[in-house]
Amino acid sequence: MKSLKLPAIVILTLAFSFYAVLAQSSIPSDDAAAWKDVQKATVAPMPPRTTNGEKLTPEQMQAYSRQMVDSYEAAAAKAKAFYTQFPDSSNAIPAKILEYQMFRAAFYDSRDQDARKSAFTDMASAQDALLTDSRLSDAQRYNLRVDIAERSEERRVGKECRSRW
């Protein structure tokens with residue numbers, strides 16, 4: 001089992017690096033156009049179609065989940081590329097918040113344990129970067145801290161439930 005974890009982590013790291021390079025290279029030089037590109041990247045892919053209202057198979061669900069997580073990571077990479085290229089833009093803080101939200105969505109929507117760990121690490125890094133940014137408003141900082149507290153409570157309850165099994 002350990003031998004499978006390392007290649008999976010390496011593959012995820014390479015895939016994320018690829019998305020980061022792709023996102024950085026495709027950011028327009030104009031602030032407004034770049035922000036529109038970032039917003040377009042947040043549009044989720046359509047779920048697979050089924051015939052006659054049939055439910056998706058577990059394989060289809062897994063593939064769609066992976067597609068969703070990949071789109072979240074690509075959007076996060078575009079957001080980071082935006083606020084890196086345009087740090088003084090009025091959309092720099094919204095881009096940082098968007099990066100955090102995309103990693104958060106990847107964490108909650110992923111069905112793969114290694115991808116969840118990676119998304120959690122990325123989410124925590126984005127969260128730390130946001131909390132240290134002096135341009136973040138008090139309301140935004142408060143909402144972020146509430147989110148951290150809620151996640152901590154979810155983790156505590158999850159551990160408690162698992163210990164009862």
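Helices and strands are taken here as DSSP runs, with helices at least four residues long and strands at least two, numbered from the N terminus.

**Figure 1. Overview of the predicted model of the protein chain, which has six helices and zero strands.** Read from the N terminus on, the elements of this predicted chain follow the order α-α-α-α-α-α. The protein chain has 165 residues, of which 34% count as buried. When contacts with a separation of 6 or more are considered, 64% of those in the protein chain are accounted for by residues 24 or more positions apart.

**Figure 2. Close-up of helix α2 (residues 31–41) beside helix α3 (residues 58–85), whose axes come within 8 Å and cross at roughly 165°.** Because an angle over 145 degrees counts as roughly antiparallel, α2 is described as roughly antiparallel to α3. The crossing in which α2 passes α3 is left-handed. On the α2 side, the residues that take part are Asp31, Ala34, Trp35, Asp37, Val38 and Ala41, and they meet Ser71, Ala75, Lys78, Ala79 and Phe82 in α3. Sorted by class, this contact of α2 with α3 has seven nonpolar residues, one polar residue and three charged residues.

**Figure 3. Close-up of Asp37, a residue placed in helix α2.** The relative accessible area of Asp37 is 22%, and this residue is therefore partly exposed, given that the buried class is reserved for values under 20%. Asp37 is also one of the α2 residues that meet α3, where Ala79 is among the residues on the other side of the contact. Although Asp37 and Ala79 lie 42 residues apart along the chain, their C-alpha atoms are separated by 9.2 Å.

**Figure 4. Close-up of helices α3 and α4 (92–109), whose axes come within 8 Å and cross at roughly 160°.** The two helices, α3 and α4, are therefore roughly antiparallel to each other, and their crossing is left-handed. From α3, the contact involves Ser65, Val69, Tyr72, Ala75, Ala76, Ala79, Lys80, Phe82 and Tyr83, which meet Ala92, Ala95, Lys96, Leu98, Glu99, Met102, Phe103, Ala105, Ala106 and Asp109 in α4. By class, the contact of α3 with α4 has 14 nonpolar residues, together with one polar and four charged residues.

**Figure 5. Close-up of Ser89, found in the loop between α3 and α4.** Ser89 has a relative accessibility of 10% and so counts as buried. Leaving aside residues up to four places away in sequence, Ser89 touches Asp31 and Phe82. Ser89 and Ala32 are separated by 57 residues in sequence, while the distance between them in space is 9.2 Å, C-alpha to C-alpha.

**Figure 6. Close-up of helices α4 and α5 (113–132), whose axes come within 8 Å and cross at roughly 155°.** This angle makes α4 roughly antiparallel to α5, and the crossing of the two helices is left-handed. The α4 side of the contact is made by Lys96, Ile97, Glu99, Tyr100, Phe103, Arg104, Ala106, Phe107 and Tyr108, and the α5 side by Arg116, Ala119, Phe120, Asp122, Met123, Ala126, Gln127, Ala129 and Leu130. By class, the contact of α4 with α5 has twelve nonpolar, one polar and five charged residues.

**Figure 7. Close-up of Asp133, placed in the loop between α5 and α6 (138–164).** With a relative accessible area of 9%, Asp133 is buried. Apart from residues up to four places away in sequence, Asp133 touches Ile93, Lys96 and Arg141. Of these, Lys96 also belongs to the α4 residues that make the contact with α5.

**Figure 8. Close-up of the largest nonpolar core, which has 32 residues.** Within this core, the residues that touch the most other members are Val38, Tyr72, Phe82, Ala95, Tyr100, Met102 and Leu130. The elements that give two or more residues to the core are α2, α3, α4 and α5, and α4 gives the most, with eleven residues. In soluble globular proteins, nonpolar side chains tend to be buried together. Several members named here also appear in the preceding views: Val38 lies in the contact of α2 with α3, Tyr72 and Met102 are found in that of α3 with α4, and Tyr100 and Leu130 take part in that of α4 with α5.

Conventions. Residues numbered from 1 in each chain as written. Predicted model: local features only at pLDDT ≥ 70, side-chain atom pairs only at ≥ 80, totals over all residues. Heavy atoms only, no water. Axes fitted to C-alpha atoms, helices over the stretch in contact; angles between N-to-C directions. Parallel < 35°, antiparallel > 145°, perpendicular 65-115°, else oblique. Left-handed = near helix turned anticlockwise from the far one by under 90°. Contact = heavy atoms within 4.5 Å. Nonpolar A, V, L, I, M, F, W, Y, C, P; charged D, E, K, R; others polar. Buried < 20%, exposed > 50% of the residue type's maximum accessible area, 1.4 Å probe, protein only. Core = buried A, V, L, I, M, F, W, Y, C linked by side-chain atoms within 4.5 Å.
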